[in-house]
Amino acid sequence: MAILNVNGIHKNFGKTQVLKGVDFSMEEGEVISIIGSSGSGKTTLLRCISFLETADKGTVVLDGQTVFDAAQPMKRNDKAQREIQAKFGFVFQSFNLFPQYTALENVMLAPKLLAKERPDFKENKKEIFEEIEKNAKDLMDRAGLSEKYNSYPCELSGGQQQRVAICRALALNPKIMLFDEPTSALDPEITNEVLKVIKSLADDGMTMIIVTHEMYFAKNISDRIIFMDGGVIAEEGTPRQIFENPQNPRTREFIASFASQRGDETSK
């Protein structure tokens with residue numbers, strides 16, 4: 001059974017129709033990269049899946065449970081809403097770290113807030129916080145940030161800040177990680193340090209959806225590529241199908257434009 005089913009998602013901003021009925025599903029452990037021109041609806045789709053935006057039509061089903069239905073919106077208290085959102089780890093284009101907290105505190109913040117809602121929190125506060133800190137440090141160690149626990153965001157490079165942001169998203173143990181152009185705010189020379197962390201997650205079997213313009217990376221990390229155009233999925237398939245034998249004229253045009261701009265790196 002698919003871990004995620006996205007059905008008939010529509011989203012308008014005023015009179016502008018951004019998503020026009022998007023359908024796809026994914027299996028646990030699958031990595032999907034979403035590519036397409038700016039304005040094609042990629043980011044809005046991610047935000048609708050993770051409830052950062054509310055779709056006008058459609059449903060989102062996670063692990064067999066309908067977590068969103070535009071036709072019958074659920075009445076959720078704040079706790080239930082947070083629990084559902086925590087199943088999606090979101091990494092933004094910008095790092096969005098809290099400048100007043102250290103890197104470690106940024107990673108620990110959301111788990112500590114959610115822990116306060118546990119019925120055993122008062123009795124086991126010390127042990128709970130110790131476990132949260134251990135988990136946060138383990139995540140930062142894996143991301144190559146073991147010496148940056150006590151550094152503030154202003155003391156970190158862009159690549160280090162984005163790696164902290166990835167650790168923060170992982171700290172809630174999400175079912176699916178969503179990446180929205182995670183390298184777009186980075187200088188080219190430090191992009192690879194972030195892509196390396198994402199690849200390690202893929203190697204570990206993390207279920208991920210990645211919106212990206214890193215075509216070579218998408219081709220080599222993805223199980224499936226989705227090409228969006230004008231608010232719909234114009235074509236989807238394996239990386240080989242999309243990059244070497246696209247069927248849709250708009251897909252061919254998009255891939256060809258990137259190949260010419262980047263020295264045909266997508267063919268590597």
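Guide: A salt bridge is a side-chain nitrogen of Lys or Arg within 4 Å of a carboxyl oxygen of Asp or Glu. The model shown above is predicted.

Visitor: How many salt bridges does the structure hold?

Guide: Side chains of opposite charge can pair when their charged atoms come close. With the 4 Å limit applied to N and O atoms, the count of salt bridges in this predicted model comes to 15.

Visitor: What is the N to O distance in the salt bridge of Glu-130 and Lys-126?

Guide: Both residues belong to helix H4 (residues 121-142), where four residues, about one turn of the helix, separate them. Glu-130 is partly exposed at 42% relative accessible area, while Lys-126, at 57%, is exposed. Their side chains meet with N and O separated by 2.5 Å.

Visitor: Which residues do salt bridges with shared partners join into one network?

Guide: The H4 pair of Glu-130 and Lys-126 is four residues apart in sequence. Elsewhere, shared partners link salt bridges into one network, and its members are Glu-30, Arg-224 and Glu-236.

Visitor: Is Arg-47, which forms a salt bridge with Glu-53, buried or exposed, or in between?

Guide: The closest N and O atoms of Glu-53 and Arg-47 are 3.4 Å apart. Buried means under 20% relative accessible area and exposed means over 50%. Arg-47 has 25%, so its class is partly exposed.

Visitor: Which residue forms a salt bridge with Arg-118?

Guide: Arg-118 is partly exposed, with 40% relative accessible area. Its partner is likewise partly exposed, at 25%. The closest N and O atoms of the pair lie 3.0 Å apart, and the partner is Asp-120.

Visitor: What is the order of the strands in the open sheet of six?

Guide: Strands of a sheet pair through backbone hydrogen bonds, either parallel or antiparallel. In this sheet the pairing is mixed. E3 and E8 run parallel and are joined by four bridges, E7 and E8 are parallel over four bridges, and E9 with E10 is antiparallel over five bridges. The order is E6-E7-E8-E3-E9-E10.

Visitor: Which strands stand at the edges of the sheet, and why is one side of each left without a neighbour?

Guide: The sheet is open and has six strands. Each edge strand has a single partner strand, so one of its sides has no neighbour in the sheet; these are strand E6 (88-91) and strand E10 (232-237).

Visitor: What does the twist average from one strand to the next?

Guide: The six strands of the open sheet follow the order E6-E7-E8-E3-E9-E10. Going from one strand to the next, the average twist is 20 degrees.

Visitor: Which residue of E8 is the bridge partner of Ser-33?

Guide: In a regular strand the side chains alternate between the two faces of the sheet. In E8, Ile-209 and Val-211 point one way, Met-208 and Ile-210 the other, and all are buried. Leu-178 has Ile-209 as its bridge partner in E8, whereas the bridge partner of Ser-33 is Ile-210.

Visitor: At about what angle to E8 does helix H6 run?

Guide: Helix H1 (residues 42-49) lies across E3, E6, E7, E8 and E9, at about 150 degrees to E7. Helix H6 (residues 188-203) lies across E3, E7 and E8, and its angle to E8 is about 150 degrees.

Visitor: Is Thr-183 buried or exposed?

Guide: Thr-183 sits in the loop between E7 and H6. Leaving aside neighbours within four places in sequence, its contacts are Thr-191, Val-194, Leu-195 and Glu-214. With a relative accessibility of 6%, Thr-183 is classed as buried.

Visitor: How far apart are the end C-alpha atoms of helix H5?

Guide: Of the 13 residues in H5, 13 are buried. At 1.5 Å a residue, helix H5 (residues 158-170) should span 18 Å; this agrees with the distance between its end C-alpha atoms, 19 Å.

Visitor: Which residue's backbone nitrogen does the side chain of Asp-23 reach?

Guide: Asp-23 lies in strand E2 (residues 16-26) and is partly exposed at 44% relative accessibility. Beyond four places in sequence, Asp-23 touches Val-6, Asn-7, Gly-8 and Ile-233. At 2.7 Å, the backbone nitrogen reached by its side chain is that of Gly-8.

Conventions: Residues are numbered from 1 along each chain as its sequence is written. This is a predicted model: local features need pLDDT of at least 70, side-chain atom pairs count only at pLDDT 80 or more; totals for chains, interfaces and linings use all residues. Side-chain values use heavy atoms; hydrogens and water are left out. Two strands pair if DSSP finds at least two bridges between them. Helices (H or I, at least four residues) and strands (E, at least two) are DSSP runs, numbered from the N terminus. Axes are lines fitted to C-alpha atoms, for helices over the stretch in contact, and angles run from 0 to 180 degrees between N-to-C directions. Contact means heavy atoms within 4.5 Å. Buried means under 20% relative accessible area, exposed over 50%, partly exposed in between (1.4 Å probe, protein chains only). The expected span of a helix is 1.5 Å times one less than its number of residues. A polar contact is a pair of N or O atoms within 3.5 Å; within protein, one must be able to donate a hydrogen and the other to accept it, and residues adjacent in sequence count only if both atoms are side-chain atoms.
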